[in-house]
Amino acid sequence: FDTEVTAKAAESGANASARFRERMETAGRAGVVDTARVDHLASKVIKAINDIVIEDQVSYAEYNALKAWLIKVGEDGEWPLFLDVWLEHSVEEVASAHREGSKGTIEGPYYLDGSPELGWNGTIPMRDDEPGTPLLFSGQVRAVDGTPLTGAKIELWHADDLGFYSQFAPGLPEWNLRGTWIANEDGRFEIHTLRPAPYQIPTDGACGQLIAAAGWHAWRPAHLHFKVSAPGYELITTQLYFPGDPHNDDDIASAVKPELMLDPRDNPAGEGVAVDYDFVLDPE
Ligand code: MBD
Ligand code: FE
């Protein structure tokens with residue numbers, strides 16, 4: 001795995017920025033916010049920062065350090081990473097407060113649509129020598145009223161054992177550890193993948209520089225990312241976690257919730273671990 005070990009933050013950052021730009025282009029006017037709202041929000045953000053400068057007596061040295069760092073965030077393509085790690089959790093909280101079905105959490109910077117379809121019970125694309133413990137992840141997709149959602153789409157993406165996402169870090173097969181399952185006539189699915197490893201956000205770019213300068217850590221607990229959807233229902237974007245991970249309580253991205261904890265057990269029918277988890281969708 002020589003190539004991916006040498007992956008640079010700026011490379012993943014540039015890819016994440018480019019993918020985001022493409023998605024916003026296909027979304028058309030979805031990214032446009034009206035003038036009154038921009039006036040309201042931008043004025044509040046600017047005032048909040050000015051208040052901090054006065055309250056905390058910010059110096060020119062600190063102001064210039066901030067300026068240099070903001071320039072570097074852009075150069076490294078790390079705006080998607082910065083925003084998804086330190087801001088998206090609040091946006092997600094606002095967006096999903098009304099939901100009665102399964103809890104969601106942030107998407108993060110590394111989702112791609114169009115991953116390979118693997119039926120209701122296929123194996124995720126991986127290399128012949130892909131390191132990791134086999135994980136059988138099975139469950140059902142239902143509506144809040146209990147109706148099984150036949151044909152629901154379950155998209156999964158996760159990092160490899162070294163913490164790299166395909167199409168963002170170099171040297172990985174295109175759809176490595178990314179797949180789409182379609183729930184069967186009972187709304188059920190069976191996903192064959194690997195148990196993910198704890199994950200560090202890139203440390204050699206601007207976000208890593210901030211983390212080091214502030215004396216923080218760069219870890220996220222091991223996680224599986226999902227999008228679950230069915231026509232007529234609200235799409236759920238979520239992540240699921242494993243008990244006992246040292247970073248469940250101090251995720252750098254603040255994206256862990258108690259409802260998102262899995263309960264894996266030794267797989268009685270084969271190698272590795274098995275876990276059940278159901279997704280419950282709200283009607284649109
Ligand atoms: C990730 O893999 C991730 O899930 C988040 C939220 C931020 C950075 C990297
Ligand atoms: Fe992730």
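This report walks through a predicted model of a protein with one bound ligand described in some detail.

## Overall build

Let's start with the whole protein. Its secondary structure comes to 7 helices and 11 strands. Measured out along the principal axes, the C-alpha atoms fill a box of roughly 65 × 45 × 35 Å. The radius of gyration is 20 Å, which agrees with the value near 19 Å that a compact globule of 284 residues would have.

Buried residues make up 31% of the 284 residues. Among contacts with a separation of 6 or more, 76% join residues that are 24 or more positions apart.

## Around ligand 1

If you are looking for the residues around ligand 1, here they are: Leu81, Asp84, Val85, Ile106, Gly108, Pro109, Tyr110, Tyr199, Ile201, Arg220, Ala253 and Ala255. Sorted by class, this shell has 9 nonpolar, 1 polar and 2 charged residues.

Which helix gives the most to the shell around ligand 1? That is helix H5, spanning residues 79–86, with 3 residues.

## A four-stranded sheet

Next comes an open sheet of 4 strands, in the order E3-E2-E7-E8 and with antiparallel pairing. Strand E3 (178–182) and strand E8 (236–241) stand at the edges; each has a single partner strand, so one side of each is left without a neighbour in the sheet. From one strand to the next, the twist averages 20°.

The pairings can be followed across the sheet. Strand E2 (residues 153–157) pairs with E3 over 5 bridges in the antiparallel sense, and Lys153 has Ile182 of E3 as its bridge partner. E2 also pairs with E7, again antiparallel and over 5 bridges; here Leu156 is matched with Phe226 in E7. E7 and E8 are joined by 6 antiparallel bridges, with Val228 facing Ile236 of E8 as its bridge partner.

## Strand E7 and its hairpin

Strand E7 (residues 223–229) deserves a second look. Of its 7 residues, 5 are buried, so E7 is largely enclosed by the rest of the structure. As a reminder for reading any such strand, side chains in a regular strand alternate between the two faces of the sheet.

E7 and E8 form a hairpin, with 6 residues between the two strands. In the turn you will find Gly232, which has a positive phi of about 90°.

## Helices H4 and H7

How do helix H4 and helix H7 meet, and at roughly what angle do their axes cross? The axes of H4 (residues 60–75) and H7 (residues 206–214) come within 8 Å and cross at roughly 145°. On the H4 side, Trp69, Lys72 and Val73 make the contact, while H7 brings Ala206, Gln209 and Leu210. By class, this contact has 4 nonpolar, 1 polar and 1 charged residues.

Helix H4 also holds Ala68. Is Ala68 buried or exposed? Ala68 has 11 C-beta neighbours inside 10 Å, so it counts as exposed, given that the cut-off for exposed is 12 or fewer. For a sense of distance, Ala68 and Arg21 are 47 residues apart in sequence, and their C-alpha atoms are 24 Å apart in space.

Note on methods:
Residues are numbered from 1 along each chain as its sequence is written. Chains are lettered from A and ligands numbered from 1 in the order in which they are written. This is a predicted model: local features need pLDDT of at least 70, side-chain atom pairs count only at pLDDT 80 or more; totals for chains, interfaces and linings use all residues. A residue is near a molecule or strand if its C-beta atom, placed from the backbone, lies within 6 Å of it. Ala, Val, Leu, Ile, Met, Phe, Trp, Tyr, Cys and Pro count as nonpolar, Asp, Glu, Lys and Arg as charged, and the others, Gly among them, as polar. Two strands pair if DSSP finds at least two bridges between them. Axes are lines fitted to C-alpha atoms, for helices over the stretch in contact, and angles run from 0 to 180 degrees between N-to-C directions. Two residues are in contact if their C-beta atoms, placed from the backbone, lie within 7 Å. The radius of gyration is taken over C-alpha atoms; the globule rule is 2.2 Å times the number of residues to the power 0.38. A residue is buried if 20 or more other C-beta atoms lie within 10 Å of its own, exposed if 12 or fewer, and partly exposed in between; C-beta atoms are placed from the backbone.
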